[in-house]
Amino acid sequence: MGMSPETSQGQDWKPTRAARHRYDLQDVILELVPESWRRLLWSKVEGGRVLEVGVGTGMNMAYYPPEAAVVAVDPSPSFLTWAANRARKNGKPVELGVMDVRRLAFADDSFDYAATSFVFCSVPDPIAGLTEVWRVLKPGGRFILLEHVRLGNRLLGRLMDFLNPPWLRLSGDNINRDTVANVQRAGFQVVAVDGFLAGLVKLIEARKGSQ
Ligand SMILES: C[S@@+](CC[C@H](N)C(=O)[O-])C[C@H]1O[C@@H](n2cnc3c(N)ncnc32)[C@H](O)[C@@H]1O
């Protein structure tokens with residue numbers, strides 16, 4: 001599930017009519033994400049300085065641990081307006097920023113945790129984005145991802161490869177990403193992987209090794 005940014009960082013974001021339809025479609029899909037998955041994702045975040053990547057309209061905010069100082073980014077200023085409203089309603093102190101994960105405006109080794117849900121299926125170059133998250137995490141920092149991925153089953157995996165181009169055009173989202181392998185390629189150690197819906201959705205816990 002993903003919404004590709006229609007703008008470069010910091011510019012005013014004006015979705016085309018087609019893009020607006022995609023966001024409507026994805027909003028509906030996001031509403032179907034079970035609360036328990038989001039709760040589980042955030043139960044892995046213990047506190048400290050936390051980066052949420054691709055915050056969207058702020059659907060994760062209700063699950064932020066109270067002791068965390070969260071900075072949440074997204075390339076879409078429109079989504080961030082929704083996220084700011086939600087933060088106000090929930091009484092969550094969160095710092096919001098217009099930012100593409102491939103170009104994070106933070107110093108190296110800045111965060112204790114990073115977390116994300118349903119974002120790396122739509123980032124055009126996922127390894128570039130994952131490598132940026134690796135850079136801004138402190139050594140030993142944790143990265144928790146909830147993502148839908150390509151199925152391991154040979155036949156179903158191939159079917160997903162076949163269906164990916166039209167689905168990408170319709171939704172801005174890739175259905176055949178191997179995000180566990182991508183996280184490793186970006187330099188993380190994968191500590192644990194949990195699967196839901198026969199492995200279609202994965203909760204990935206990764207760590208930035210201290211080298
Ligand atoms: C399907 S939505 C998920 C939103 C939210 N994480 C949730 O679970 O409700 C995908 C989000 O990824 C964001 N996104 C897409 N490309 C991105 C990028 N290059 N950098 C950061 N966020 C990105 C979109 O703007 C959108 O908010």
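Here is a short walk through this predicted model, from its sheet to its core and its ligand. Local features need pLDDT of at least 70 and side-chain atom pairs count only at pLDDT 80 or more, while totals for chains, interfaces and linings use all residues. Residues are numbered from 1 along each chain as its sequence is written.

Let's start with the sheet. It is open and built from 7 strands in the order β3-β2-β1-β4-β5-β7-β6, with mixed pairing; strands are DSSP runs of E with at least two residues, numbered from the N terminus, and two of them pair if DSSP finds at least two bridges between them. At the edges sit β3 (94–98) and β6 (189–196), each pairing on one side only. On the β3 side, β2 (residues 68–74) runs parallel to β3 and is joined to it by 5 bridges. There, alanine 72 stands opposite leucine 96 of β3.

Alanine 72 also leads us inward: along with Val50, Ala114, Ala115, Val133 and Phe143, Ala72 touches the most other members of the largest nonpolar core, which has 45 residues. Such a core is a set of buried Ala, Val, Leu, Ile, Met, Phe, Trp, Tyr and Cys residues joined through C-beta atoms within 7 Å, buried meaning that 20 or more other C-beta atoms lie within 10 Å of a residue's own, with C-beta atoms placed from the backbone.

Finally, look at the ligand. It is surrounded by 26 residues, the closest being Gly54, Gly56, Met59, Val101 and Ser117; a residue counts as near if its C-beta atom, placed from the backbone, lies within 6 Å.

Key: Helices (H or I, at least four residues) and strands (E, at least two) are DSSP runs, numbered from the N terminus. A residue is buried if 20 or more other C-beta atoms lie within 10 Å of its own, exposed if 12 or fewer, and partly exposed in between; C-beta atoms are placed from the backbone.
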